[in-house]
Amino acid sequence: MELEQEYSKNRVMMKKIKKTSSLTCIGYGIYLIMAIFCIFTGIMTANLLIGLSSIFVVAASVLGFLGVYKKDNRLLIASLVIIVVQFLIFALSNCDGLSDFIGALICSGPGYAVIIAYVCFSIRNNKQYHWLEQQDGFPNFEVKQAMYEMNKRQREIKDPYAIRKEELEKRTENAGHMDEL
């Protein structure tokens, strides 16, 4: 009964992880669409800064998507670093002084805070997935399947006495052939 409860809990956690991973991939897709609009805006206005920031957004969204898809936290952390660098470049280049920088933080900071929280949530989600990978019954967490695999492993394991008996039987078979010669 305890095994069933543990598998049930892990199965529910796995479903939540799959659901949030799907939503996160959709979010990174939307972030990529935003980057494409930024690229067109940079081309139309001939603004190098907008073009540069849109390249950062594309890189961050692709790395974030791959990090979620491959369950690799290193890619998500690289995405987070790119997002922070992009924000700092964009904020510092548009500000003349400290008051403008604080204004930029107040205006666009909440949007970036949501994106950073999104990446941190994805990292936590990947950590939970890696923990589930190490649990028995991964990825389905079905009791019947786990019992079948356990029985299969037990059948593959031979008793040392059975191994010794088989060796002796092989020797006696070979000895029998020698007597006939």
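**Exercise 1. Work out what share of the protein's residues is buried, and which elements the chain is built from.**

Step 1. Of the 181 residues, 27% count as buried, where buried means under 20% relative accessible area, exposed over 50%, and partly exposed in between (1.4 Å probe, protein chains only). Please keep in mind that this is a predicted model, in which local features need pLDDT of at least 70 and side-chain atom pairs pLDDT 80 or more, while totals for chains, interfaces and linings use all residues. Residues are numbered from 1 along each chain as its sequence is written, and side-chain values use heavy atoms, without hydrogens and water.

Step 2. Now the elements: the protein has six helices and zero strands. Helices (H or I, at least four residues) and strands (E, at least two) are DSSP runs, numbered from the N terminus.

**Exercise 2. Find the residues with the most contacts in the largest nonpolar core, and the helix that supplies its largest share.**

Step 1. A nonpolar core is a set of buried Ala, Val, Leu, Ile, Met, Phe, Trp, Tyr and Cys residues joined through side-chain atoms within 4.5 Å. The largest one has 16 residues, of which Tyr28, Tyr31, Ala60, Val68, Leu76, Ile83 and Val119 touch the most other members.

Step 2. Helix 1, helix 2 (48-70), helix 3 (73-93) and helix 4 each supply at least two residues of this core. The largest share, six residues, comes from helix 3.

**Exercise 3. Classify the ring pair of Tyr7 and Phe141, then place it in its cluster.**

Step 1. Rings of Phe, Tyr and Trp (its six-membered ring) pair if their centres lie within 6.5 Å; planes under 30 degrees apart count as stacked, over 60 as edge-to-face and the rest as tilted. The structure holds five such aromatic pairs. For Tyr7 and Phe141 the centres are 6.1 Å apart and the planes stand at 70°, so the pair is edge-to-face.

Step 2. Tyr7 sits in helix 1 and Phe141 in the loop between helix 4 (98-133) and helix 5 (143-156), so this pair links parts of the chain 134 residues apart. Both rings belong to buried residues.

Step 3. Phe138 and Phe141 are also edge-to-face, because their centres lie 6.2 Å apart with planes at 75°. Phe138 is partly exposed, at 28% relative accessibility.

Step 4. Tyr7, Tyr129, Phe138 and Phe141 form one aromatic cluster.

**Exercise 4. Locate the three salt bridges and say which parts they join.**

Step 1. A salt bridge is a side-chain nitrogen of Lys or Arg within 4 Å of a carboxyl oxygen of Asp or Glu. In Arg11 and Glu142 the closest N and O atoms are 3.7 Å apart. Arg11 lies in helix 1 and Glu142 in the loop between helix 4 and helix 5, so the bridge ties together parts 131 residues apart in sequence.

Step 2. Asp72 and Arg74 meet at 3.2 Å, N to O, and Arg74 is exposed, with a relative accessible area of 63%.

Step 3. Arg164 pairs with Glu167 at 3.8 Å. These two are three residues apart in helix 6 (residues 160-180), so about one helical turn separates them.

**Exercise 5. Identify the helix that gives the most to the nonpolar surface patch.**

Step 1. Nine names make up the list: Leu32, Ile33, Ile36, Phe37, Ile39, Phe40, Ile43, Met44 and Val62, with about 890 Å² of accessible area together.

Step 2. Helix 1 (residues 2-45) gives the most, with eight residues. One of the patch members, Phe37, is exposed at 57% relative accessibility.

Key: Patches are made of residues with over 30% relative accessible area and no salt bridge: like charges are joined within 9 Å, nonpolar side chains (Val, Leu, Ile, Met, Phe, Trp, Tyr) within 5 Å. Accessible areas come from the Shrake-Rupley method with a 1.4 Å probe; for residues, only the protein chains shown count as cover.
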